[in-house]
Every structure is written in structure tokens, then in C-alpha cells.
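Student: Hi! I have a structure open here and would love to talk through it with you. Could you help me get my bearings?
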Amino acid sequence: MTTHRREIILGVGGGIAAYKSCDLLRRLQDYGFNVTVVPTPSSLNFVGKATWEALSGREVTASVFESVDQVRHVSLAKLAEAIIIAPATADLIARIAQGRADDLLTNVILACTSPILIVPAMHPAMWSNPATIENVRILRSRGILIMEPEVGALTSGDSGKGRFPTTESIIETFQSSSLSGDDLRGKRVLVTAGGTREAIDPVRFIGNHSSGKQGLAIAEAALHRGAQVTLIAANVDIEIDSRIKVIRVESAHEMLSKLEKAFQDSDYLFMAAAVADARVSNRADGKIKKSNLSSIELIENPDLLQNLSSHKDKQIVIAFAAETQVSDNEGDAIEQARSKMLRKGADFIFLNDVSHGEIFGSDETRGWLITAHNAVEIGRTRKKNLANLLINNALQSTHQLS
Ligand code: CTP
């Protein structure tokens, strides 16, 4: 069984923000990337080779004259699906703009045809210097993506535009631009979103707080990565891209019948919907008077995922679990989510802690990505980012099966 992880290069320039790239490297690994670090020789004054080797688990070289027999600049350039240069100093930006090749990183950049993302960090005066402005313009005109630095306090004590952006915003920019390629071209992605409603009478229902934002983020990310996307939306009140085929449903039973039809033709199922576990046993045709509302009899709904997984063929299935007070006993919560995943025949599961109304309706999320043998905590991030992370992992699962 081979594990397919996407290969990228993290180029590190000689600025103090180099230490922040250690976190960036870690998070990129969480997002399913294999990362080779190529520091400039001057950046090693800030973060040494040993740190990068320990964090990346790979050999690190900064000079073209090390491991010459391997022709590192060419082999690295061929290996990389994309290059992120973070932090990029004014000097490094100038050297790339001029097409210089005076260290391993600039050699790799010259030899590489994959997308490049540059993340600048420097003193505001250097960022706004006409020389840097011109270099940035040249690089942008060549199709290189350059993030804007953030505004705020700098190491020098000054403040202004020049700060290294947050890890989150770098990953978001990277995923939504350089990688929004074609890796799902020809694939059919089925997503459920929102919360089912189980009618009590024509006026009332049992429902939940799911907004559908996570499911929709997955559907949109899959669309941008080239997939043909079907979204089964239960009571979702958000505008949906017209290129997504939307099937609107109300109840769990309705969702199951639509899922059964669409599942066979799908390559991936992301079961992000919050499905009501029970429905009212004797739904009233007329509005129930409040004097008769003291008890409502419930019967269990079918488990949609379990039903589908029992006749799954090649499909990769992703489940979600929304729980409360996970942090009180994280280990147990992860184990329970893992058993849920296995019981429902899912390939992996994303566990959320929805305590204190933190996740429902929000554009952000956090939780744990759990597989049979692993659990990775994903810190606060945009649902859009998590969508791409889940797709990356789903793609890896496909490669593991083949
Ligand atoms: N799910 C499903 N059918 C149901 C209930 C849930 O397919 N009747 C799916 C959800 O879409 C989600 C996953 O199963 O992807 C986990 O949902 P959750 O409500 O946490 O699971 P339950 O089996 O209902 O477990 P619990 O007893 O913890 O509520």
C-alpha cells in the first residue's frame, strides 16, 4: 500500500519571521503535505538546519554545492507541486525578480515550473521602497502569487505594513489559489449539508442548529478542484454556486432516499449534515393543540451512513461527529468518534466540539481529524480551509486503496 502525499517546498528567507515558518511547516503537514525545506544560507542565522530536519523529517541543504551528485535544484524542482517562500525578505524578492541563482533556493525557483506563493515579511520602509514595489510588480506580472504583509507592530519597535501573515491566512491563500487545480477532475463528489427537520405537525418540527456552512464549503472546494458536485441540502439558507447540483430535502427519510440514488455513482461522500436521530411516530395532519403537546412519541431514524456504507463499493466516505465537552476528556471523545467511524463504515471522521455555540453558524471551526490509527488536532480555522484539508485526506485515502 503506498501513501500518496502531496509534495511541496517551503523556501525560507533570512528574516526573523523564519521561526514562524516552523509552525507553518507543521500545519502544512497536518493538511496532508510532505514538505521539503530549502532555507537560504542567511536564514540559518535565525532557524538552523537541525530544526528544519527534525520538523520535516528530511535532509535539508541550503547550498547548491552540497550533495552535488544529486543535482538537488533539479530534483527538488521536479518533485514539488508548489513552492511557498515564507518569509521572503526584500533581498530574496529582488533576487527572484532578477532571475539570480546564487543559493539552492533561487536555483530551485528558477528550475521549477510549479506555482509559487511568496509570503513577504520585512520592515514597512523596505516593503514600500520603490525598488521592492517594482520587484513585486515584476513577479506578479510573471504569475507568481505574492501575499500582502500584515499591518502591525514589528520586531524593530516600529509598526506598519510588513508583518508576516498568520499561518492560517497563508494556508488559506495557498489552498485556494495555487492548489485549486484539477485533482478532482472526473470525480463525483456527494455532500450532505444542513440539519434535517422532523415534522411534529404542519406547523412544528424537531430540528437542530446546523447551518450547512461546512457542507457547502466542501461542495465549493470540490467544485474548484474540478469535481462534479451534488449537494443534498437539508434546510440550508445560504446562496449556493449554480454549478453545484442541489437537491433540497427536509427530513432524514427524504435525505436517505436521495442519497441512495446518488451514492452509487459517487467517488466521495462527505456526510456533513446533522441528521435527526429520531422522528415523531404519529405525525399529526392538523396542528396539535398545546393542551395535547405534553408528550410526543419518538421513533429512531435509520442511520443513513450505516445504510449506505453497507453497500459501498469504491467510495471514500467521510463522517462528522458534533459533540460537547470534548476537552473534558479528549482521549475518550476521540475513541468514541473512532468507534462511530468504524460502526458507520466511514474512512475517517472529523470530530467537532460544539459546546457554547462555537461552531454552528460560524465561518470557523476546529476539531480532530480521526482515522483508524491517528488523531490530529486541527486548531481554529475557516470552514473553507477545513474543506480542503478533508479533501486532501480523502484523496490520500483513495491512493491508499489503489
Ligand atoms: N448520521 C447518519 N444518520 C443518522 C445520524 C447521523 O448518517 N441517523 C451521520 C451524520 O451525518 C454524521 C455521522 O453520522 O456524519 C455522525 O453523526 P452523529 O449524530 O454524531 O451520530 P449518531 O449515530 O447519531 O450518534 P450519537 O448517538 O452520538 O448522536
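Student: How are α4 and α5 oriented to each other: roughly parallel or oblique?
Tutor: Happy to help! One thing to keep in mind is that this is a predicted model. The axes of α4 and helix α5 (residues 104-111) make an angle of about 40 degrees. An angle under 35 degrees would count as roughly parallel, and α4 and α5 are therefore oblique to each other.

Student: What's the distance between the axes, and which hand does the crossing of α4 and α5 have?
Tutor: The axes of α4 and α5 are 10 Å apart, and the crossing is right-handed. On the α4 side the contact is made by Leu92, Arg95 and Ile96, and on the α5 side by Leu105, Thr106 and Ile109. By class, the residues of that contact are four nonpolar, one polar and one charged.

Student: Nice. And how do α4 and α7 cross?
Tutor: Helix α4 (residues 90-98) and helix α7 (residues 130-141) have axes that come within 9 Å and cross at roughly 50 degrees. That makes α4 and α7 oblique to each other too. The hand of the crossing of α4 and α7 is left-handed.

Student: Which residues make the contact there?
Tutor: From α4 you have Ala90, Ile93, Ala94, Ile96 and Ala97, and from α7 you have Thr132, Asn135, Val136, Ile138 and Leu139. The contact of α4 with α7 has eight nonpolar and two polar residues, with no charged residues. Ile96 is worth clicking on: it takes part in the contact with α7 and also in the contact with α5.

Student: Let's go to the start of the chain. How do α1 and α2 pack?
Tutor: Here the angle between α1 and helix α2 (residues 49-56) is about 15 degrees, and the axes are 10 Å apart. α1 and α2 are therefore roughly parallel to each other. The crossing of α1 with α2 is right-handed.

Student: What does α1 bring to α2, residue by residue?
Tutor: In α1, Ser21, Cys22, Leu25, Arg26 and Gln29 meet Thr51, Trp52, Leu55 and Ser56 in α2. Sorted by class, that contact has four nonpolar, four polar and one charged residue.

Student: Switching to charges: how many salt bridges does a search of the whole structure find?
Tutor: The search finds 24 salt bridges. One to look at joins the side chains of Asp30 and Arg27, at 3.0 Å from N to O.

Student: Where do Asp30 and Arg27 sit, and how are they separated?
Tutor: Both are in helix α1 (residues 20-30). They are separated by about one helical turn because they are three residues apart in that helix.

Student: Any backbone oddities? Which residues does the cis peptide bond join?
Tutor: The cis peptide bond joins Ala86 and Pro87, with omega about 0 degrees. Pro87 is found in strand β3 (residues 82-88). For context, most peptide bonds are trans, and most residues other than glycine have a negative phi.

Student: So what is phi for Asn235?
Tutor: Phi of Asn235 is near 55 degrees, which is a positive value in a residue other than glycine. You'll find Asn235 in the loop between β11 (228-234) and β12 (245-249).

Student: Last topic: what does UniProt say about residues 7-172?
Tutor: The unreviewed UniProt entry annotates that span as "domain: Flavoprotein". In the model, residues 7-172 are 40% helix and 22% strand, and the end C-alpha atoms are 17 Å apart.

Student: And what feature does UniProt place at residues 184-394?
Tutor: There the unreviewed entry has "domain: DNA/pantothenate metabolism flavoprotein C-terminal". That span is 27% helix and 29% strand, and its end C-alpha atoms lie 11 Å apart.

How values were computed: Residues numbered from 1 in each chain as written. Predicted model: local features only at pLDDT ≥ 70, side-chain atom pairs only at ≥ 80, totals over all residues. Heavy atoms only, no water. Axes fitted to C-alpha atoms, helices over the stretch in contact; angles between N-to-C directions. Helix = DSSP H or I, 4+ residues; strand = E, 2+ residues; numbered from the N terminus. Parallel < 35°, antiparallel > 145°, perpendicular 65-115°, else oblique. Left-handed = near helix turned anticlockwise from the far one by under 90°. Contact = heavy atoms within 4.5 Å. Nonpolar A, V, L, I, M, F, W, Y, C, P; charged D, E, K, R; others polar. UniProt positions renumbered as here; feature names shortened; annotations may be inferred. Salt bridge = Lys/Arg side-chain N within 4 Å of Asp/Glu carboxyl O.
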